[in-house]
Amino acid sequence: MTAQSGGTVSNLPIRPTLREVAARADVALSTASRVLNNGSASPELRERVLAAAEAVGYRPHALARSLRTGATRTVAFLVPDIANPLFGYIARGAAARFGAAGYSMLLAISDGRPERERSLIETMASRQVDGFLLSCTDEADAGLIELLSSMRVPIVLLDRELPVSGAHRVLIEHRRGLIEAVAHLAELGHRRIAYIGGDTIVRPGRERLAGYLAGMAQHLSTAEPAVRLGSSGHEFGRREALRLFADTTPPTAIISGGNQISTGVLQAVREAGKDIPSDLSFVGCDDIDALVLNNPPMTVVSRSVEEIGSEAADLLLGALRGEVTEPTTRVIHSRLVVRGSTRRPTDAPGSTR
């Protein structure tokens with residue numbers, strides 16, 4: 001087959017048709033269409049039609065299929081900041097699940113701006129995505145809550161507690177890991193344990209702070225908590241760690257409430273000429289490369305971040321298939337992983353250093 005345009009002739013590939021599939025499988029056109037659109041059919045008939053489609057190289061036309069079924073087989077994943085490696089791991093876990101199910105995933109980045117989040121959601125909705133995975137910046141954003149409540153497609157919230165009727169959730173049990181971190185440091189003999197955490201306008205910030213305070217109450221009830229809260233960024237962690245080092249009684253241990261905060265604290269340690277763990281014990285957050293590959297490897301409050309993505313994708317796929325009909329919450333636990341960045345402080349009773 002050839003086509004002529006502007007005086008040039010080019011060869012165009014012949015696209016196999018549904019009619020060819022039906023003829024090769026020796027079935028009616030309507031039967032071939034039903035099988036290829038996941039309609040009801042016997043195993044033998046389904047196998048015959050699929051084998052015929054493979055033999056002739058037939059691929060369904062995505063736009064035509066979406067017009068027939070009202071489904072685009074595309075989902076949206078909205079995150080605040082792709083520079084945070086956490087979201088890269090989550091996206092990888094989700095994309096693998098969606099890809100295996102024949103779905104495409106659109107990644108949208110809000111840069112932590114609530115107004116941009118709302119705009120991106122409206123844009124994705126106008127493109128008729130079949131569902132949303134969402135990690136928002138501010139759970140108290142009334143405009144976002146109103147917008148999501150008006151949606152008619154499934155929504156899965158990632159570690160967020162927005163009051164959106166019908167939304168599904170994948171939540172992290174942060175408190176246990178933070179309590180374990182305080183208990184571990186207290187057992188080593190630390191009494192001045194500081195916590196640097198992100199803003200409490202989102203669930204992770206609230207839950208990690210609650211875990212730290214609960215751990216201090218349980219294991220160091222006579223000690224004064226030292227809390228620094230703000231953004232979840234690198235520079236905030238660096239700045240607050242330097243301020244803590246300048247105190248008249250600086251902490252002997254620091255717990256970080258976020259992986260980007262952790263890298264900021266480590267920079268502050270280098271700038272202050274301190275050594276981990278000789279001068280300071282440190283507990284980070286999440287098994288990111290910057291912490292695992294550090295020398296020494298960091299003790300961290302860990303969680304399976306790719307599992308967050310795969311669980312969220314499974315929930316959304318279940319809702320799209322009609323298998324998950326009621327709002328569902330799945331919980332992923334955190335745990336302390338002890339490595340080389342924590343040890344007994346020099347001023348602890350019985351210390352030999």
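**Note on the predicted model**

1. Asp286 is buried, at a relative accessible area of 2%, a value that falls under the 20% limit for that class. This residue sits in the loop between strand 11 and helix 12 (289–292). Its phi is positive, about 75°, although Asp286 is not a glycine. The structure discussed here is a predicted model, and the backbone angle should be read as a feature of that model.

2. A second aspartate deserves the reader's attention. Asp111 also departs from glycine-free expectation in having a positive phi, near 60°. Asp111 is placed in the loop between strand 4 (104–109) and helix 6 (114–126). With 49% relative accessibility, Asp111 counts as partly exposed, whereas Asp286 is buried. As background, most residues other than glycine have a negative phi, and most peptide bonds are trans.

3. The peptide bond between Ile276 and Pro277 is cis, with omega at about 10°. Pro277 belongs to the loop between helix 11 (259–271) and strand 11 (281–285). Strand 11 also borders the loop that holds Asp286.

4. How do the axes of helix 2 and helix 3 cross? Helix 2 (residues 29–36) and helix 3 (residues 43–56) have axes that come within 10 Å and cross at roughly 90°. The two helices are therefore roughly perpendicular to each other. Helix 2 contributes Thr31, Ala32, Arg34, Val35 and Leu36 to the contact, and helix 3 contributes Leu45, Arg46, Val49, Leu50 and Ala53. By class, the residues of this contact comprise 7 nonpolar, 1 polar and 2 charged.

5. On the overall architecture, the protein contains 13 helices and 14 strands. Of its 353 residues, 47% count as buried. Among contacts between residues at least 6 apart in sequence, 68% join residues at least 24 apart. The exposed surface amounts to about 17000 Å², of which carbon and sulfur atoms supply 50%.

6. Confidence should be weighed before any detail is used. The mean pLDDT of the protein is 88, and 90% of the residues score at least 70. Confidence is highest in strand 8 (residues 193–197), at a mean of 98, and lowest in strand 1 (residues 2–5), at 38. Over residues 1–12 the pLDDT is below 50, and this stretch has 12 contacts in the model beyond near neighbours in sequence. Where pLDDT is low, the predicted coordinates should not be read in detail.

Note on methods:
Residues are numbered from 1 along each chain as its sequence is written. This is a predicted model: local features need pLDDT of at least 70, side-chain atom pairs count only at pLDDT 80 or more; totals for chains, interfaces and linings use all residues. Side-chain values use heavy atoms; hydrogens and water are left out. Helices (H or I, at least four residues) and strands (E, at least two) are DSSP runs, numbered from the N terminus. Buried means under 20% relative accessible area, exposed over 50%, partly exposed in between (1.4 Å probe, protein chains only). Contact means heavy atoms within 4.5 Å. Accessible areas come from the Shrake-Rupley method with a 1.4 Å probe; for residues, only the protein chains shown count as cover. Axes are lines fitted to C-alpha atoms, for helices over the stretch in contact, and angles run from 0 to 180 degrees between N-to-C directions. Angles under 35 degrees count as roughly parallel, over 145 as roughly antiparallel, 65 to 115 as roughly perpendicular and the rest as oblique. Ala, Val, Leu, Ile, Met, Phe, Trp, Tyr, Cys and Pro count as nonpolar, Asp, Glu, Lys and Arg as charged, and the others, Gly among them, as polar. pLDDT is the predictor's confidence in each residue, from 0 to 100.
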